[in-house]
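Here are some notes to read alongside the model, written for someone who is meeting a structure of this kind in a first course. Please keep the sequence and the 3D view open while going through the points.

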Amino acid sequence: MEAPAAPHNPVETRLTVTSPEQMQDLGRRLAKLLRAGDLVMLNGELGAGKTTLTRGLGEGLGVRGAVTSPTFVIARVHPSLGDGPPLVHVDAYRLGGGLDEMEDLDLDVSLSDSVIVVEWGEGKVEELTDDRLHVVIHRAVGDTTDEVRHVTVTGLGARWAAVDLSVLSA
């Protein structure tokens with residue numbers, strides 16, 4: 001009788017980003033770690049840089065189309081310009097129904113052959129897969145022009161157990 005698989009401890013790295021250009025560059029570096037089937041959940045206040053990070057991801061993955069916030073269309077697919085996976089960019093901000101509403105978008109159908117990035121996905125898309133990357137962006141709130149962001153990247157599940165997220169600090 002085989003012992004049950006041990007749960008994988010989360011892998012985590014913390015970064016400080018001081019400009020939108022650095023946030024976009026972080027997205028490009030993160031793209032090098034991603035492959036088809038990956039789910040990336042982005043959380044942070046309005047204006048934290050979630051879409052800017054995703055724009056960098058799109059550049060790093062080599063996908064077609066300008067990556068902009070999909071707030072009003074909810075999901076936008078960016079096909080690969082090469083042989084990489086397409087990027088599915090979802091804004092779950094206006095989705096209140098959790099997984100049921102997310103399933104209406106048929107994301108689970110494209111999860112295996114796409115990189116899926118979900119802004120505001122916490123509490124809504126975790127059931128899609130045990131293996132996911134959780135990116136939390138903290139920024140100063142209130143009337144400030146402070147561009148400093150504190151980014152925590154956490155890899156959950158077997159997929160991320162052996163991935164060295166510290167390469168994102170480069």
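1. In this predicted model, Met41 has Val118 of strand β5 as its bridge partner. The strands concerned are β2, residues 39-44, and β5, residues 115-119, which run parallel and are joined by 4 bridges. As general background, the strands of a sheet pair through backbone hydrogen bonds, and the pairing may be parallel or antiparallel.

2. The pair belongs to an open sheet of 7 strands, whose order is β1-β7-β6-β2-β5-β4-β3 and whose pairing is mixed. Strands β1 (11-17) and β3 (75-78) stand at the edges with a single partner strand each, so that one side of each has no neighbour in the sheet. From one strand to the next, the twist averages 15°.

3. Two helices can be placed against this sheet. Helix α1, residues 20-31, packs on the sheet and touches β1, β6 (132-139) and β7 (149-156), while its direction makes about 150° with that of β1. Helix α2, residues 50-61, lies across β2, β4 (87-91), β5 and β6, and runs at about 170° to β5.

4. What lies in the largest nonpolar core, and which of its residues touch the most other members? This core has 28 residues, and those touching the most other members are Leu26, Leu34, Leu133, Val135, Val151, Val153 and Leu165. The elements β1, α1, β2, α2, β5, β6 and β7 each give two or more residues to this core, and the largest share, 4 residues, comes from α1. In soluble globular proteins, nonpolar side chains tend to be buried together.

5. Val135 is a useful residue to select in the viewer. Once its neighbours within four places in sequence are left aside, Val135 is in contact with Val40, Met41, Leu42, Asn43, Leu53, Val151, Thr152 and Val153. A second, separate core holds 11 residues, including Met41, Leu111, Val125 and Leu128.

6. Turning to charged side chains, the model contains 5 salt bridges. Which residues are linked in a network of salt bridges? They are Asp25, Arg28, Arg29 and Glu59, and the next two points follow the individual pairs.

7. Within helix α1, Asp25 forms a salt bridge with Arg28, where the closest N and O atoms are 3.6 Å apart. The side chain of Asp25 also meets that of Arg29 in a salt bridge, at 2.5 Å from N to O. Because Asp25 and Arg28 are 3 residues apart in helix α1, about one helical turn separates them; likewise, Arg29 and Asp25, being 4 residues apart in that helix, are separated by about one helical turn. Asp25 is partly exposed, with a relative accessible area of 30%, whereas Arg29 counts as buried because its relative accessibility is 18%, which is under the 20% limit for a buried residue.

8. Arg28 also takes part in a salt bridge with Glu59, their side chains meeting at 2.4 Å from N to O. This pair links distant parts of the chain, since Glu59 lies in helix α2 and Arg28 in helix α1, 31 residues apart. Both ends are partly exposed, with a relative accessibility of 28% for Arg28 and a relative accessible area of 42% for Glu59.

Notes
Residues numbered from 1 in each chain as written. Predicted model: local features only at pLDDT ≥ 70, side-chain atom pairs only at ≥ 80, totals over all residues. Heavy atoms only, no water. Pairing = 2+ DSSP bridges. Axes fitted to C-alpha atoms, helices over the stretch in contact; angles between N-to-C directions. Contact = heavy atoms within 4.5 Å. Core = buried A, V, L, I, M, F, W, Y, C linked by side-chain atoms within 4.5 Å. Buried < 20%, exposed > 50% of the residue type's maximum accessible area, 1.4 Å probe, protein only. Salt bridge = Lys/Arg side-chain N within 4 Å of Asp/Glu carboxyl O.
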